[in-house]
Amino acid sequence: MKRSEINDILAAADEMIRRHGCSLPPFAYWSPEAFRARAGEARHVVDSRCGWDITDYGEGRFDEMGLFLFTLRNGRLDDLTAGRGMCYAEKLLISRQDQLSPLHTHAIKAEDIINRGGATMVVELYGSDVDGAFAEDRGGTVMCDGVVRSFEPGEKLRFAPGESITLMPGDWHAFWGEGGDVLIGEVSTVNDDETDNIFREKIGRFATIEEDTDPLHLLVSDYEAWLT
């Protein structure tokens with residue numbers, strides 16, 4: 001993806017987030033130079049990879065298959081292992097109309113995916129085998145707003161603003177916006193995007209960036225190169 005395209009996506013996402021009555025934390029608006037100057041005091045932000053995130057899953061077709069994310073807060077895997085401390089994470093996502101987030105699951109993370117506003121959120125579901133691997137012929141059960149719901153393999157559940165689904169490790173899912181763009185909230189256990197995204201197809205999690213202009217804000221995938 002070109003950096004200029006990413007900058008445009010960030011600006012549009014910020015506008016949508018504000019339009020739906022949400023505000024991002026102060027570090028969201030630091031320039032790359034300010035972030036570099038404050039990297040020491042913002043060590044937790046950097047180490048837990050909070051901040052802006054854009055992915056086209058390495059396919060170069062963002063409008064068709066991609067996702068905007070902003071990680072607001074994220075705990076530590078050590079705390080999750082110990083069973084106490086900062087064991088949680090929170091994100092905002094924007095899934096554009098008909099923009100696919102492809103089939104995947106997580107080995108560790110449990111998550112609530114919440115339609116925070118906009119159009120309809122569609123979630124396609126499959127079950128898994130005893131080892132957690134994708135099972136094309138298996139359904140299962142999930143909770144939707146605390147109520148247990150069964151699903152058939154490949155069934156597409158639809159969620160209006162305010163509605164949500166709880167996904168556990170082994171729940172294979174894909175999602176997109178239907179009828180327009182959707183602002184999505186994610187509340188989960190500690191999030192590790194580098195190792196805990198298991199995709200059905202062999203695709204990447206992060207975009208390759210072509211630096212055709214300066215970054216408006218750093219992405220989480222920029223931190224290693226820009227801040228070390």
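User: What do the side chains of Glu41 and Arg38 form?
Analyst: In this predicted model, the side chains of Glu41 and Arg38 meet in a salt bridge, with 3.3 Å from N to O.

User: Is Glu41 buried or exposed? And what about Arg38, how much of its area is accessible?
Analyst: Glu41 counts as exposed because its relative accessibility is 61%, above the 50% cut-off, whereas Arg38, with a relative accessible area of 35%, is partly exposed.

User: How many salt bridges does the count come to?
Analyst: The count comes to 19 salt bridges. One of them joins Glu186 and Lys109, whose closest N and O atoms are 2.9 Å apart.

User: Where do Glu186 and Lys109 lie in the chain?
Analyst: Glu186 is in strand E11 (residues 172–189), while Lys109 is in the loop between strand E4 (101–105) and strand E5 (111–128), so that the pair links distant parts of the chain, 77 residues apart.

User: Buried or exposed, those two?
Analyst: Glu186 counts as buried at 5% relative accessibility, and Lys109 is buried as well, with a relative accessible area of 3%.

User: What about Lys156 and Glu124, which contact do their side chains make?
Analyst: They meet in a salt bridge at 4.0 Å, N to O. Lys156 lies in strand E9 (residues 155–159) and Glu124 in strand E5, so this pair ties together parts that are 32 residues apart in sequence. Lys156 is partly exposed, with a relative accessible area of 39%, whereas Glu124 is buried, at 15%.

User: Which residues do shared salt-bridge partners join into one network?
Analyst: Asp53, Lys91, Asp193 and Arg205 are joined into one network by salt bridges that share partners. Arg205 also lies over the face of Phe206, at 4.7 Å from the ring centre.

User: Switching to rings, how many aromatic pairs are there in the whole structure?
Analyst: A search of the whole structure finds 10 aromatic pairs. For Tyr29 and Trp52, the ring centres are 6.5 Å apart and the planes stand at 75°, so the pair is edge-to-face.

User: Why does the pair of Trp52 and Phe70 get the geometry label it has?
Analyst: Trp52 and Phe70 are edge-to-face because their ring planes stand at 90°, with the centres 5.0 Å apart. Trp52 lies in strand E1 and Phe70 in strand E2 (residues 67–74), so the pair ties together parts that are 18 residues apart in sequence. Both residues are buried.

User: Which residues do ring pairs link into a cluster?
Analyst: The cluster linked by ring pairs consists of Phe27, Tyr29, Trp30, Phe35, Trp52, Phe68, Phe70 and Tyr223.

Terms used
Residues numbered from 1 in each chain as written. Predicted model: local features only at pLDDT ≥ 70, side-chain atom pairs only at ≥ 80, totals over all residues. Heavy atoms only, no water. Buried < 20%, exposed > 50% of the residue type's maximum accessible area, 1.4 Å probe, protein only. Helix = DSSP H or I, 4+ residues; strand = E, 2+ residues; numbered from the N terminus. Phe/Tyr/Trp six-rings, centres within 6.5 Å; stacked < 30°, edge-to-face > 60°. Lys NZ or Arg CZ within 6 Å of the ring centre and 35° of its normal.
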